[in-house]
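The following exercises concern side-chain accessibility and charge pairing, and each task sentence is followed by a worked solution.

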Amino acid sequence: MKQVTLFFWWCSGAHRETLEHYPAERHKYVGIGATIFFTGLFAALSGGYALYFVFSGSGPAGLYALFFGLLWGLAIFNMDRYIVASINKNAPGGKQLLQATPRILLAILIGIVISRPLELKIFDKEIRQQLATNYLDQQRATLDTLNLAFDRKYTLELERLAALRSERDTLEAAIKAGHVKLYQETFGDKTPETSGITGYGPYAKRRQADLDKQEQYLDSLRTRIQHQETFIREQKQAEGLSDERLLTGARLDSVVQHAGFADRNAALGDLKYRADGSVNTANYAAITFIMLLFVFFECLPVLVKLMSTRDAYDVSLRDRQAVDFHRSAKNRDAETAVIDGVHDLRIKTEIEKQARVLLDTD
């Protein structure tokens, strides 16, 4: 426990030799040091997790994540330790707050940054579902865009095909109606368009001949439609539209599995809103409060130092600093006096030397 205590003292930036003389203050600096340490630890986990997704799919992704996570955690830890240690508890409260303001603002930014990767892990299942929806929507939009461009490019051919199909449908309906009238003519059903004479007479033969011509024309019409459809299909294949398919099943799962950090981050943002654009209150509150928790945790070392009262350790540290300033000033004066004395001696020696030269000349 002694080693752990000393480690947390070091994390807090406290002066060990001074703090050991004040047992009542030791636990406070253990708490401050532990807070700084765990803030750096969470930063390391968050940074490593984020970089793991950046390099996901490559062999050394784990090594990159480990290296960057340690580097990021150490950077945050060192900055927290320096800022907390630099807050002067012997200064007025306003000055202390002024010293801590840049750190608090930076802590808010860092809290948001380090909370994001952990939010991605917490909402991993929901993010996967949202990614699948997003990818399908993007594919549908891409297919719609390609089809629209194709329709604009081959407007005349598509209109000709639509006209042929409409004519075919009209002709098929007319032939069906003609068969009904031929049946009525043959069996003697009296209507405004039939003679009412039973048997396969001249009227029935004429209707049969008309139907035969219509069916022949229908066959030729179907052949033209088939040729036109073949042409359109070949053009779609040439344009690459035939190869575009919506991702489903295992292919969609694979794409979601290998989604990058940016896509997952965007999907997490989409979880805050429903399909109709309204706010999903439950998800929005959960994501926001997790972020605020990390922001508060990141600000905690500074807040703890600001909230703590000035104690005997702080006064002793101020006195030690005053002694160090005084010693430095005295050392400066001593060195200045030595330099001045050496300079005066050099001048005196030079004067005597010049005087001897003049006397020898005379």
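**Exercise 1.** Determine whether Glu20 is buried, partly exposed or exposed, and then identify the salt-bridge partner of Glu20.

*Solution.* Glu20 has a relative accessibility of 34% and therefore counts as partly exposed, given that buried means under 20% relative accessible area, exposed over 50% and partly exposed in between (1.4 Å probe, protein chains only). The side chain of Glu20 meets that of Arg16 in a salt bridge, with N to O at 3.1 Å; such a bridge is defined as a side-chain nitrogen of Lys or Arg within 4 Å of a carboxyl oxygen of Asp or Glu. Arg16, at 41% relative accessibility, is likewise partly exposed.

The model is predicted, with local features requiring pLDDT of at least 70 and side-chain atom pairs pLDDT 80 or more, whereas totals for chains, interfaces and linings use all residues. Residues are numbered from 1 along each chain as its sequence is written, and side-chain values use heavy atoms, leaving out hydrogens and water.

**Exercise 2.** Establish which helices are tied together by the salt bridge between Arg264 and Asp124.

*Solution.* The closest N and O atoms of Arg264 and Asp124 are 2.6 Å apart. Arg264 belongs to helix α10 (residues 261–270) and Asp124 to helix α6 (residues 124–153), so the pair links parts 140 residues apart in sequence; helices here are DSSP runs (H or I, at least four residues), numbered from the N terminus. Arg264 is buried, at 1% relative accessible area, and Asp124 is buried at 17%.

Notes: Helices (H or I, at least four residues) and strands (E, at least two) are DSSP runs, numbered from the N terminus.
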